[in-house]
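Please look first at the sequence and the structure shown here. The paragraphs below then lead through the model step by step.

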Amino acid sequence: MKFERILDYLMFREGSEEDNLSDNPTVTTGSIVWGVILRSSIVIILTLFLVRRFDFYEYWWYSFFAIWFFVGFPAYRQYQKFQDRMKELSEETLCGKCRHFNSGAQTCQIYDVHVSKNHIPCEGMQWEPRDFD
Ligand code: SF4
């Protein structure tokens with residue numbers, strides 16, 4: 001359970017099918033960006049500490065590897081999975097085909113709430129077809 005908590009604190013979650021069923025999804029574009037900022041800050045602070053404390057001035061560029069493995073790659077995977085989920089949500093829900101759906105945030109722009117496979121906030125009353133240009 002502690003490992004799960006660490007994943008949450010560092011915003012490492014990749015999201016799952018459950019996010020498409022939940023009104024409070026774990027992974028959104030906002031959470032991905034926040035994770036990148038948080039983990040980048042940790043890597044930079046840790047690099048500065050190690051370089052100054054142990055005179056690792058010649059090895060500072062190792063932090064680029066840390067940024068890739070700790071920040072870039074996880075964010076890339078999170079975004080890929082998020083895109084897959086959004087595609088599925090768009091294909092399988094009424095909201096996904098509505099012009100008021102914000103796929104980046106998984107929200108309805110009118111109600112400003114998350115939508116899911118189980119929850120259509122307007123119950124279809126304000127649905128308008130999306131332009132598929
Ligand atoms: S207006 Fe209705 S159908 Fe359209 S995104 Fe909002 S809740 Fe979904």
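The account moves from the overall chain to its helices, its sheet, its nonpolar core and its ligand.

The model is a predicted one. Its protein chain contains four helices and three strands. Followed along the sequence, these elements appear in the pattern α-α-α-α-β-β-β. The C-alpha atoms occupy a box of roughly 65 × 40 × 20 Å along the principal axes. For a compact globule of 133 residues, a radius of gyration near 14 Å would be expected, whereas the protein chain has 19 Å. Of its 133 residues, 17% count as buried. Among contacts with a separation of 6 or more, 59% join residues that are 24 or more positions apart.

The helices may be taken next. Helix 1 covers residues 2-9, and the count of buried residues among its eight residues is zero. After helix 1 comes Met-11, which has a positive phi near 60°. Most residues other than glycine have a negative phi.

Further along, helix 3 spans residues 29-53 and includes Val-51. Is Val-51 buried, exposed or partly exposed? Val-51 has 16 C-beta neighbours inside 10 Å; a residue needs 20 or more to be buried and 12 or fewer to be exposed, so Val-51 counts as partly exposed. Beyond residues up to four places away in sequence, Val-51 touches Phe-56, Tyr-57 and Trp-60.

The loop between helix 3 and helix 4 (63-92) contains Asp-55. Asp-55 is not a glycine, yet its phi is positive, at about 55°. Asp-55 is exposed because 9 other C-beta atoms lie within 10 Å, and the limit for an exposed residue is 12 or fewer.

The strands form an open sheet of three, in the order 1-2-3, with antiparallel pairing. Strand 1 (101-102) and strand 3 (113-114) are its edge strands, and each of them pairs on one side only. Strand 2, residues 107-108, runs antiparallel to strand 3 and is joined to strand 3 by two bridges. Across this pairing, Thr-107 stands opposite His-114 in strand 3.

Between strand 1 and strand 2 lies a loop that holds Gln-106. Gln-106 is another residue that is not a glycine but has a positive phi, here about 60°. Where does Gln-106 stand, buried or exposed? Gln-106 has 27 C-beta neighbours inside 10 Å and therefore counts as buried, since 20 or more are required.

In soluble globular proteins, nonpolar side chains tend to be buried together. Which residues make up the largest nonpolar core of this model? That core has five residues: Cys-95, Cys-98, Phe-101, Cys-108 and Val-115. Val-115 has contacts beyond its neighbours within four places in sequence, including Cys-95, Phe-101 and Cys-108. Further contacts of Val-115 include Gln-106, Thr-107, Ile-120 and Pro-121.

The final step is the ligand. It is surrounded by 14 residues, and the closest are Cys-95, Cys-98, Cys-108, Cys-122 and Trp-127. Cys-95, Cys-98 and Cys-108 also belong to the largest nonpolar core. What classes of residue form the shell around the ligand? The shell has twelve nonpolar and two polar residues, and no charged ones.

Notes
Residues are numbered from 1 along each chain as its sequence is written. This is a predicted model: local features need pLDDT of at least 70, side-chain atom pairs count only at pLDDT 80 or more; totals for chains, interfaces and linings use all residues. A residue is near a molecule or strand if its C-beta atom, placed from the backbone, lies within 6 Å of it. Ala, Val, Leu, Ile, Met, Phe, Trp, Tyr, Cys and Pro count as nonpolar, Asp, Glu, Lys and Arg as charged, and the others, Gly among them, as polar. Two strands pair if DSSP finds at least two bridges between them. Two residues are in contact if their C-beta atoms, placed from the backbone, lie within 7 Å. A nonpolar core is a set of buried Ala, Val, Leu, Ile, Met, Phe, Trp, Tyr and Cys residues joined through C-beta atoms within 7 Å. The radius of gyration is taken over C-alpha atoms; the globule rule is 2.2 Å times the number of residues to the power 0.38.
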